[in-house]
Amino acid sequence: MFEPRLPKYEWGQRVKALIDLYNDGSFPGAPEKGVLVKLGDTGEIVQVGTHTEENMPIYLVEFAENLVVGCLEEEISPL
């Protein structure tokens, strides 16, 4: 068994998107492959989890009211 990789960011932290984030089909009500978040949009981390198979942190970031998107560390940066 291996230790989970510790997250760089924490709950409540303000972040910005480093890239455009597209709907991969997992965001209901939005067009598949449509832009959900644009480069530079800001949000707040509302939950931190771990993708167990890949041993990497996953961040749920609220970018706009009721727009919560799962992000990887390389897709966001702290403000």
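# Briefing on an all-strand protein chain

The secondary structure of this protein chain consists of zero helices and seven strands. The model is predicted. Read from the N terminus, the elements follow the order β-β-β-β-β-β-β. The points below move from the whole chain to its strands, and then to single residues.

**Overall form**

- The protein chain has 79 residues and a radius of gyration of 13 Å, which agrees with the value near 12 Å that a compact globule of this length would have.
- Taken along the principal axes, the box filled by the C-alpha atoms is roughly 40 × 25 × 20 Å.
- Of the 79 residues, 28% are buried.
- The accessible surface amounts to about 5,400 Å², and carbon and sulfur atoms account for 52% of this surface.
- The chain carries 6 positive and 14 negative charges, and the mean positions of these two groups are 7 Å apart.
- Among contacts between residues at least 6 apart in sequence, 50% join residues that are at least 24 apart.

**Strand 1 and its two partners**

- Strand 1 covers residues 14-17.
- Strand 1 pairs with strand 4 (residues 42-51) in the antiparallel sense, over three bridges. Within this pairing, Arg14 has Glu44 as its bridge partner.
- Strand 1 is also joined to strand 7 (residues 76-78) by three bridges, and these two strands run antiparallel. Here Val15 stands opposite Pro78.
- In a regular strand, side chains alternate between the two faces of the sheet. Strand 1 has Val15 and Ala17 on a covered face, whereas Arg14 and Lys16 lie on an uncovered one.

**Ala17, a buried residue of strand 1**

- Ala17 belongs to strand 1. Its relative accessibility is 1%, and it therefore counts as buried, since the term applies to values under 20%.
- Ala17 and Gly40 are 23 residues apart along the chain, yet their C-alpha atoms are separated by 5.0 Å.
- Beyond its neighbours within four places in sequence, Ala17 is in contact with Val37, Lys38, Leu39, Gly40, Asp41, Phe63 and Glu75.

**The hairpin of strands 5 and 6**

- Strand 5 (residues 56-64) and strand 6 run antiparallel and are joined by five bridges. In this pairing, Glu62 stands opposite Val68.
- The two strands form a hairpin with two residues between them.
- Strand 6 (residues 67-71) shows alternating side chains: Leu67, Val69 and Cys71 point to one face and are buried, while Val68 and Gly70 point to the other face and are not.
- Val69, in strand 6, has a relative accessibility of 8% and so counts as buried.
- Leaving aside neighbours within four places in sequence, the contacts of Val69 are Leu21, Leu36, Val37, Tyr59, Leu60, Val61 and Phe63.
- Val69 and Glu54 are 15 residues apart in sequence, and their C-alpha atoms are 19 Å apart in space.

**Two residues with a positive phi**

- Most residues other than glycine have a negative phi.
- Asn66, which is not a glycine, has a positive phi near 65°. Asn66 is found in the loop between strand 5 and strand 6, and it is exposed, with a relative accessible area of 67%.
- Lys33 is likewise not a glycine and has a positive phi of about 75°. Lys33 is found in the loop between strand 2 (21-22) and strand 3 (35-37). With a relative accessible area of 64%, Lys33 is exposed, because that term applies to values over 50%.

**Val48, a partly exposed residue of strand 4**

- Val48 lies in strand 4. At 31% relative accessibility, Val48 counts as partly exposed.
- Outside its neighbours within four places in sequence, Val48 is in contact with Pro7, Tyr9, Glu10, Trp11, Ile58 and Tyr59.
- Val48 and Lys33 are 15 residues apart in sequence, and the distance between their C-alpha atoms is 24 Å.

Methods:
Residues numbered from 1 in each chain as written. Predicted model: local features only at pLDDT ≥ 70, side-chain atom pairs only at ≥ 80, totals over all residues. Heavy atoms only, no water. Buried < 20%, exposed > 50% of the residue type's maximum accessible area, 1.4 Å probe, protein only. Helix = DSSP H or I, 4+ residues; strand = E, 2+ residues; numbered from the N terminus. Pairing = 2+ DSSP bridges. Rg over C-alpha atoms; globule rule 2.2 N^0.38 Å. Contact = heavy atoms within 4.5 Å. Areas by Shrake-Rupley, 256 points an atom, 1.4 Å probe, with all protein chains shown as cover. Lys, Arg positive; Asp, Glu negative; His and termini not counted. Charge placed at Lys NZ, Arg CZ, Asp CG, Glu CD.
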